[in-house]
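Reader: I am in my first year and still learning to read protein models. Could you take me slowly through one part of this one?

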Amino acid sequence: MEARGWGIVPTAHISRLFPEVLTIIFSYLDVKDKGRVAQVCTAWRDAAYSRRVWRGIDAKLHLRRANPSLFPSLVKRGIKRVQILSLRRSLLRDVICGIPNIETLNLSGCFTLTDIGLGHAFSQDLPSITELNLSLCKQLTDSSLGRIAQSLKNLELLELGGCCNITNTGLLLIAWGLRKLKSLNLRSCRHVSDVGIGHLAGLSPHAASGTLELEHLGLQDCQKLTDQALRHVSSGLLNLKTVNLSFCASVTDSGLKFLAKMPSLKELNLRSCDNVSDTGLGYLSEGAARIVALDVSFCDKIGDQGLVFLAQGFYSLRRLCLSACNISDDGMDRLVNSLHDLTTLNIGQCVRITDRSLGLVADHLKNLESIDLYGCTKITTVGLERIMQLRTLSTLNLGLWHKK
């Protein structure tokens with residue numbers, strides 16, 4: 001503090017800051033520090049409990065025993081996004097009742113959750129919930145989906161990855177009740193077949209209107225799906241922007257004819273679809289001008305002719321994954337001479353690629369930001385030096401290390 005004789009006032013102390021200023025400062029802290037500053041004094045606690053400080057924050061909770069003071073505290077702070085890290089069976093209902101305006105509920109990995117526990121928690125209409133993550137809740141069955149379809153009418157995102165007891169009946173219930181759904185992940189729901197996808201697409205109008213607003217559909221590792229599922233998708237789910245079909249071994253080139261007709265499709269994942277070949281990319285290229293991201297990694301039937309088709313039709317492509325495909329420098333020559341706007345290129349484990357391809361990339365892909373070259377055994381420092389000259393390149397993967 002300066003001498004008062006000179007007319008200079010004492011330096012302001014943080015304790016004198018207005019609560020509104022403290023609130024702005026606390027909003028920049030991470031979650032742990034937000035909690036710590038609330039323990040300093042009453043004034044800081046009041047500022048730290050402001051809804052502005054906690055806006056957009058997910059509360060991550062271990063619910064092993066009842067805690068009557070927890071939920072009023074979360075409500076006071078305006079918490080509407082909750083992730084349950086561990087759960088005693090009877091406590092899910094406490095969450096729903098204790099946070100009446102909850103919008104996002106993440107129960108991923110809550111292995112103890114059963115149909116009975118979920119049914120008790122979702123026993124009434126819950127219009128505020130728009131996102132629900134039940135991935136790896138392996139005890140849940142179609143019965144839970146029936147309850148969700150009845151009570152969560154405004155749901156827009158539903159994660160069911162790894163819920164291995166879900167069947168086509170469950171998808172029929174979703175198609176009946178969740179008309180606002182925009183994102184659905186069914187990863188490894190191995191009982192789901194073409195019939196279930198037909199329900200989602202509105203092909204059972206006598207029973208369900210379908211989830212016709214869907215924009216994102218994850219079907220990774222749904223082993224029973226065939227080309228018929230893609231026929232259903234193309235006929236009813238016309239708003240789809242992203243589709244993940246990775247590890248769907250029964251999807252073939254013929255199925256890609258249906259996807260080529262989809263007007264809104266932007267991202268397509270065909271990773272490890274063993275029956276997709278150059279011919280399938282040819283079919284896709286007939287309607288692929290809008291696709292910005294494509295993954296055909298580990299599709300070993302895709303070679304240089306497939307790259308020719310990409311060059312001829314995928315004019316909007318920005319991200320391309322070709323790992324372990326049977327491509328060579330000749331195919332890369334055709335590709336890079338047409339798709340100048342690529343920002344991500346993964347060609348790891350493409351063992352026929354040499355320094356020639358890297359030179360072509362350096363000459364033509366001036367917007368490239370990331371490239372994967374892991375396992376490309378024929379490249380040398382000569383090719384790498386050419387790649388490193390790209391001004392936009394931020395990530396180079398050579399295997400055990402990332403250069404950024």
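Along strand 1 (residues 58–63), which side chains point to one face and which point to the other, and which of them are buried?

Author: This is a predicted model, in which local features need pLDDT of at least 70 and side-chain atom pairs count only at pLDDT 80 or more, while totals for chains, interfaces and linings use all residues. Residues are numbered from 1 along each chain as its sequence is written, and side-chain values use heavy atoms, with hydrogens and water left out.

In strand 1 the side chains alternate: Ala-59, Leu-61 and Leu-63 point to one face and are buried, whereas Asp-58, Lys-60 and His-62 point to the other face and are not buried. Buried here means under 20% relative accessible area, exposed means over 50%, and partly exposed lies in between, with a 1.4 Å probe and protein chains only. Helices (H or I, at least four residues) and strands (E, at least two) are DSSP runs, numbered from the N terminus.

Strand 1 runs parallel to strand 2 (residues 81–87), and six bridges join the two; two strands pair if DSSP finds at least two bridges between them. One of the residues on the buried face, Leu-63, has Leu-87 of strand 2 as its bridge partner. Together with helix 4 (residues 70–76), strand 1 and strand 2 make a β-α-β unit that is right-handed, a word used if, with the strands pointing away from the viewer, the path from the first strand over the helix to the second runs clockwise.

Burial can also be followed along a helix. In helix 8 (residues 168–177), the buried residues are Asn-168, Gly-170, Leu-171, Ile-174, Ala-175 and Gly-177. An α-helix has 3.6 residues a turn, so residues three or four places apart point the same way. The buried residues of helix 8 pack against helix 7 (142–151), strand 5 (157–159), strand 6 (183–185) and helix 9 (194–200), where contact means heavy atoms within 4.5 Å.

Between strand 6 and helix 9 there is a loop that holds Ser-188, a residue other than glycine whose phi is positive, near 60°. Ala-324, which is not a glycine either, has a positive phi of about 65° and lies in the loop between strand 11 (319–321) and helix 14. Because its relative accessibility is 22%, Ala-324 counts as partly exposed.

For the setting of these parts, the protein chain has 16 helices and 15 strands, and buried residues make up 50% of its 404 residues.
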